[in-house]
Amino acid sequence: MKTLNLYGAQDLRYEEKPNPVLTLEDEVVIKVKAVGICGSDVSRYKKLGPYVKGMTFGHEFSGEVVETGSKAGRIKVGDRVAGCPTFYCGECHSCLKGNLSQCEKLTLIGARYPGAYAEFVTLPASHVLQLPENVDYESAAMVEPSSVVAHGFYRTSVSPGSTVAIMGCGSIGLLAVQWAKIFGAAQVIAIDIDDKKLEIAKEVGADVIINPTIHPLQNHVAEVTDQLGVDLAVECAGSPVTSEQILALPKKGGEVLYMGIPYADIEFERFYFERIVRNELKVIGSWNAISSPFPGKEWESTLHYMNTGQLTIQPLISHRLSLKDGPAAFASLNNRDGSFVKVMFLPH
Ligand SMILES: [Zn+2]
Ligand SMILES: [Zn+2]
């Protein structure tokens with residue numbers, strides 16, 4: 001089968017590999033219909049390098065079940081499915097407490113199992129979710145990132161009537177705009193320096209859009225929130241600058257949710273750091289998407305809201321490619337040459 005394999009930083013190869021073979025009774029083989037490029041894949045490509053040299057990576061995917069082990073339970077050949085690519089150990093302190101996303105040995109396909117930049121992928125049946133009728137394969141490839149965003153929102157105290165600011169309108173930010181509405185936000189403010197992404201934010205439900213290169217960010221947020229600030233500000237850009245600026249957006253007693261990871265040091269000017277102290281902000285981190293019972297409510301609710309149409313994915317997909325375009329696509333993403341939101345491979 002055709003695959004994309006990472007050999008080192010910026011060394012991605014399009015190669016033929018043997019089709020996967022079932023080795024465990026509880027596994028299934030999935031024909032990959034759609035697989036998205038995650039921001040973390042680009043970081044891994046850029047400088048972090050592979051978990052295992054030559055490993056097929058890619059973890060945001062959907063597909064059709066083509067083979068099942070004898071103990072695959074409810075999963076049948078022909079099922080349309082999304083995969084949960086994350087593995088927890090089940091033995092560490094966090095796992096025993098039921099906090100699976102805090103597992104000491106959290107790992108992904110692309111590390112322990114080969115990943116989904118391939119024509120076929122293998123997963124344990126317990127990691128496989130059947131798709132409701134209205135969820136197409138491309139949307140289903142975004143079940144994982146959507147669950148990541150949902151996981152973050154479940155950690156906040158956002159409630160009906162809240163005002164929410166979303167910093168950064170890449171695919172995670174655009175999902176966050178929609179999740180803010182699902183969690184009951186009355187007003188969602190989307191912030192990005194790319195007007196094209198702001199237009200998509202509007203299309204998927206943002207009430208106010210702000211380009212901080214045109215309007216001073218803090219003033220503008222104050223203006224649209226009766227000078228109060230927002231109940232919740234969500235950092236989805238993952239840059240050192242936005243990780244600092246986000247602290248100026250919540251009202252007193254408000255919350256900041258960090259979902260992006262800047263791969264660089266962050267310095268806080270005194271003004272921003274004092275926001276935490278003087279305004280008694282709650283600063284919340286969020287990692288991964290799984291919870292107990294595995295894979296967790298994040299996944300069930302994602303499928304539910306994709307099925308109802310309250311989560312719309314199609315506007316987020318900017319590129320549809322075949323696997324052989326992989327090396328060139330990663331090079332462009334790395335050089336930021338072009339406007340990308342979600343890039344998807346359709347391996348068949
Ligand atoms: Zn991801
Ligand atoms: Zn664990």
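1. In this predicted model, strand S1 is joined to strand S4, which spans residues 55–56, by 2 bridges, and the two strands run antiparallel. Within this pairing, Asn-5 of S1 has Thr-56 as its bridge partner in S4, which gives a convenient pair of residues at which to inspect the arrangement.

2. Strand S1, covering residues 2–8, also pairs with strand S2, covering residues 11–16, and here the sense is again antiparallel, with 6 bridges between them. One position to look at in this pairing is Leu-4, which stands opposite Tyr-14 in S2.

3. The hairpin formed by S1 and S2 has 2 residues between its strands, and in this hairpin Gln-10 takes a positive phi near 60°. A second positive phi, of about 105°, is found at Gly-184, just after helix H5.

4. As for helix H5 itself, it runs from residue 171 to residue 182 and has 12 residues, and the distance from its first C-alpha to its last is 17 Å, close to the 16 Å expected at 1.5 Å a residue.

5. Helix H5 is mostly covered, since 11 of its 12 residues are buried. The buried residues include Ser-171 and Ile-172 as well as Trp-179, Ala-180 and Lys-181, and among them are also Gln-178 and Gly-173.

6. What covers these buried residues of H5 includes both helices and strands: helix H4 (143–154) and helix H6 (195–203), together with strands S11 (163–167), S12 (187–191), S14 (230–235) and S18 (342–345).

Note on methods: Residues are numbered from 1 along each chain as its sequence is written. Chains are lettered from A and ligands numbered from 1 in the order in which they are written. This is a predicted model: local features need pLDDT of at least 70, side-chain atom pairs count only at pLDDT 80 or more; totals for chains, interfaces and linings use all residues. Two strands pair if DSSP finds at least two bridges between them. Helices (H or I, at least four residues) and strands (E, at least two) are DSSP runs, numbered from the N terminus. The expected span of a helix is 1.5 Å times one less than its number of residues. A residue is buried if 20 or more other C-beta atoms lie within 10 Å of its own, exposed if 12 or fewer, and partly exposed in between; C-beta atoms are placed from the backbone. Two residues are in contact if their C-beta atoms, placed from the backbone, lie within 7 Å.
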